[in-house]
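User: I am new to this structure and would like a close look at one part of it, described carefully and then connected to its surroundings. Please explain each technical term once, as you come to it.

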Amino acid sequence: MKLRFRWAGAGVLIFALQAGAAETVVNDATLSVEGDGSNWLAYGRNYSEQRYSPLDQINTETVSRLGVAWVMELPSDKALVGTPLVVDGVLFFTGSFSVTRAVDAKTGKLLWEYDPKSVEHAGARLRNLWDQNKGLAYWNGKVIISTIDGRLVGLNAKTGEKIWETMTIDPRRAFYITGAPKVFKGKVIIGNGGTEQEAARGYVTAYDADTGEQAWRFWVVPGNPADGFESEAMEMAAKTWNGEWWKFGGGGNTWNGITYDPDFDQLLIGTGNGSPWNQKIRSPGGGDNLFLCSIVALDADTGDYKWHYQTVPGETWDYNSNMDIVLADLKYGGQSIKALMHAPKNGFFYVINRANGELLSAEKFAKATWASHIDLKSGRPVEMAGARYEDGEELVWPSPFGAHSWHAMSYNPNTGLVYIPTIEMPASFKDSGIDLRAFKSPHMNTAVGVEFGTGDTAVDYGSGRLQAWDPIKQAMVWEQPLPPQWNPGTMTTKGNLVFEGRADGRFVAYHAETGEPVWSLELGVGISAPPVTYTVEGKQYVSLLVGWGGAGLIAGSIAAQHGWKYKAHPRRLYTFALDAKQPVPPSPPPVLAMPLDPPEFKVDDALAESGKALYAENCFLCHGGGVVSGGLAPDLRESPIALTLASFKEVVVNGSLAPNGMPRFQEFSDEQASALIHYIRQTARQNLADQRAPK
Ligand code: CA
C-alpha cells in the first residue's frame, strides 16, 4: 500500500508540472519521493537527506559550459553556511542571523525579505555561538526558520509575513539554534546547541507546522531521578550514568542531524556529546551515558523511544553524533536493506538497519586512534589504551572538530558512493591541571573539563580531503585533497557529478566515479555552504551561498591562512547554468591580519596569563583560538579597540557595538578587562616576533 501511495504521489507531481500552472504541495507525498529534480524541497533535498538530484543536463560532458547565470549581492551578510530550498522557481534561503529571503530562481530578483531580529532577541546570549544558520524548512505553503536565540518562525511562503513564532528554549539559559528545522507529517522538529556553554540537558521538540503549537518533546539524557523520569526511556538511560550527572546537565544537545524516515514512520535523531566533555566529572566511574553520541529512533507521532545505536559509549572527547543521517536501500548480495549511513566526528562510517537499529558494518574513514575497531557482534568500539587521557596528556585522532562535521555528505544511488568532506586532525587532551571535584558547569562561557586547544592551531596541523566512500565494501574509492581544514558539504547528481565548494574560495565539480575535477571557478571568498540544483522552465541551475563561516573558523591560524578576513570580502548568492556568461564580480585579494604592537605598551606577564584563561572561556568561540581570527569576527590583535582600557570597556563591558552583534560582558571587572588587553598585546607582540624570526 505504502509503495503504491508513493508512486501516486510522484505521478501527481509530474502531472502538476506538465500542466504548468499547478503548484507543488510540499508534504509527505512530495518529500518521500525522488521526483523529477525540478525542486529542492528540504535540507537534504527530500526526506532521504541524500543531496542527490536526478537532473542530468549538467553532466560530465556538458559541465565545461557551466557559467554564472546571476549573482545576488549580500552586503550585510557575514557567515553563509545554509542550504537554500527551491519550490516552483522560487529560491528561499537564510543568511546571517537567519535573515530570510525569497528570490526568483531564474533571475535572482528579490521577492521578499524577513528579518527575525536575531541580534536584538539574543542580546548577551550571542556570545554562545553568534552568526550561523544552516537552513530552513518548507511545509504546505509555509517557510519555517530557526534563529540563533532559539525561536522557530513560520512565514507565509508567498509574502514572507510571519504566521507564527515559538520560543523553543529557556531564554535565561545558554542554548542556541544553528540547525535547520525539519518537517514531517504536519510537524516541524528542532533541537539546539549549548553543551559547551551550559549545564545543558539536550532535547528535541516537535511542533505543529501550521500553528507552532508544541506536539511532543524528547529528552536526550535523564534528569535528576528524584524529580521522576519523563519516560521509560529516561529510566533506562539513567541506569547508564553515575554520580550526580544532572548537576552538570549531561549534554546530548541535538544541534544537527535529524532525519525523518518514512519507511518506518520514525525520526532518527543524531545526539550530542557530554556536558562537560570529561566523563570523570560528568559520570564518575564511567557508564555508557545514554543517549549521548547516539542515533535514537523515535515514533513520529508520539516522540516515544523505539531503538538506539550509540557510536561513542561513555564519550569524553566531544565526539558527538550530530552529523547528518542519510537514508538508502543498500544491496547486500541479493538482499536490499533499508539502511542509514552516518559518518560522525569519531572517524567511523556506520551502516545501520533502520528496521531495528542493528549495526551492519563500521569502518574508519579517517585516522582515528581512540578505538581500534568496532566489534560487530556487540556493536561497541574497542578503545585504545590511554585514549581517555587516563595517563596524563594524550594526542588523539580525530580532534573535537571531527573527522567529519555537519558539512553534509551526499549519496549517489547510481555510483553507490558517498561523498564525504573529511578532516584529518588530532587534538591533545589532558585533565591533570583541572580540579575535577570542584568543577562547576558554566553558564554562557566555555568550560569542558579538559585542557584542550583553545589556543591557536598551526596552519599545517590538519588537512582536508574529499573522499568517495563505498558504504557496502566500507572502503574509499577515490580522494581529492582539499585546502585545510574546514570545507563545506557536497551535492551529487545523475549527471555523474559531485559539486563542492572549498575553503580557498574555489567551487569545483568532480567526476562522480573517478574523482577527476572536471570544472571549477574562483569565487573570491571561502565557501562554507553546500550547493543545490533545480530547474526553471526546463533549464537546470546550480545555486550556492558564498561566504566564509562556521565554528571551524575558531581554530585560528589554520583557518586564517586563507586570508578571508572579517568583512573584507563580499558575500553573494551565485547561480550557475550551461552557456551562462555573466562575469564573476570582483573580490579583493586574500588579506592577513596585521597585529598592532605599540612599543610603549608594557605587558604584565601575570595579568596576561589570567587574560589567556578568560579569553579561552569567553572570547575564542568568535574571535578565534590564540587571538587569531579565522574570519568569523574581527582579529583582536589588529583592533585599535584592544589598545586602551577605556576603548575596550566601552565595547566589551558597556556594549557599544551590541547592535552590530558584539555581545556585552558587563560582568567583567576593570582587572579582567585589563587582563584581556594584556593577553591580546602579548600575543600580538609574540606573533610579530615569530614572523620576523629567521625560518
Ligand atoms: Ca560539542
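Analyst: Glu196 has a relative accessible area of 16%, so it counts as buried, where buried means under 20% relative accessible area, exposed means over 50% and partly exposed lies in between, computed with a 1.4 Å probe on protein chains only. The model is predicted, so local features are described only at pLDDT of at least 70 and side-chain atom pairs only at pLDDT 80 or more, whereas totals for chains, interfaces and linings use all residues. Residues are numbered from 1 along each chain as its sequence is written, and side-chain values use heavy atoms, with hydrogens and water left out.

Glu196 takes part in a calcium site, whose protein donors are Glu196 (OE), listed twice, Asn273 (OD1) and Asp318 (OD), lying 2.3 to 3.2 Å from the ion. Donors here are N, O and S atoms within 2.8 Å of a metal, or 3.2 Å for Na, K and Ca, and because water is not among the atoms, sites may look incomplete. Along the chain, the donors of the calcium ion follow the spacing E-x76-N-x44-D. Glu196 and Asp318 link distant parts of the chain, being 122 residues apart: Glu196 is in the loop between strand 12 (187–190) and strand 13 (203–208), and Asp318 is in the loop between strand 20 (305–310) and strand 21 (325–332). The strands named here are DSSP runs (E, at least two residues), just as helices are runs of H or I with at least four residues, numbered from the N terminus.

Asp318 is buried as well, with a relative accessible area of 5%, and its backbone has a phi near 70°, a positive value in a residue other than glycine. Another donor, Asn273, leads to Gly250, because Asn273 is among the residues that Gly250 touches when residues up to four places away in sequence are not counted; the others include Trp241, Trp245, Arg282 and Leu292. Contact in this sense means heavy atoms within 4.5 Å. Gly250 belongs to strand 15 (residues 250–251), and its relative accessibility of 0% is why it counts as buried. The C-alpha atoms of Gly250 and Leu292 are separated by 8.3 Å, although these residues are 42 places apart along the chain.

Turning to the aromatic rings, Tyr309, Trp317, Tyr319, Phe348, Tyr350 and Trp370 are linked into a cluster by ring pairs. Rings of Phe, Tyr and Trp (its six-membered ring) pair if their centres lie within 6.5 Å, and a pair is stacked with planes under 30 degrees apart, edge-to-face over 60 and tilted otherwise. The structure holds 33 aromatic pairs. Phe184 and Tyr260 form a stacked one, with 5.5 Å from centre to centre and 25° between the planes. This pair connects distant parts of the chain, since Phe184 lies in strand 11 (residues 182–184) and Tyr260 in strand 16 (residues 258–261), 76 residues apart. Phe184 and Tyr260 are both buried. The pair of Tyr574 and Phe576 is also stacked, because the ring centres are 5.8 Å apart and the planes are at 5°.

Rings also meet charges: Lys367 lies over the face of Trp397, 3.7 Å from the ring centre, and the charged end of Arg127 sits over the ring of Phe665, 3.9 Å from its centre. A charge counts as sitting over a ring if NZ of Lys or CZ of Arg is within 6 Å of the ring centre and within 35 degrees of the ring normal. Trp397 has a further feature in its backbone, for a cis peptide bond joins Trp397 and Pro398, with omega about -10°. Pro398 lies in the loop between strand 27 (394–396) and strand 28 (410–412).

Strand 28 leads to an open sheet of four strands, which has the order 28-29-31-32 with antiparallel pairing, where two strands pair if DSSP finds at least two bridges between them. Strand 29 (residues 417–424) and strand 31 pair in the antiparallel sense over seven bridges, and the bridge partner of Tyr419 in strand 31 is Ala468. Gln474, in the loop between strand 31 (463–470) and strand 32, has a positive phi of about 50° although it is not a glycine, and its 9% relative accessibility is why it counts as buried.
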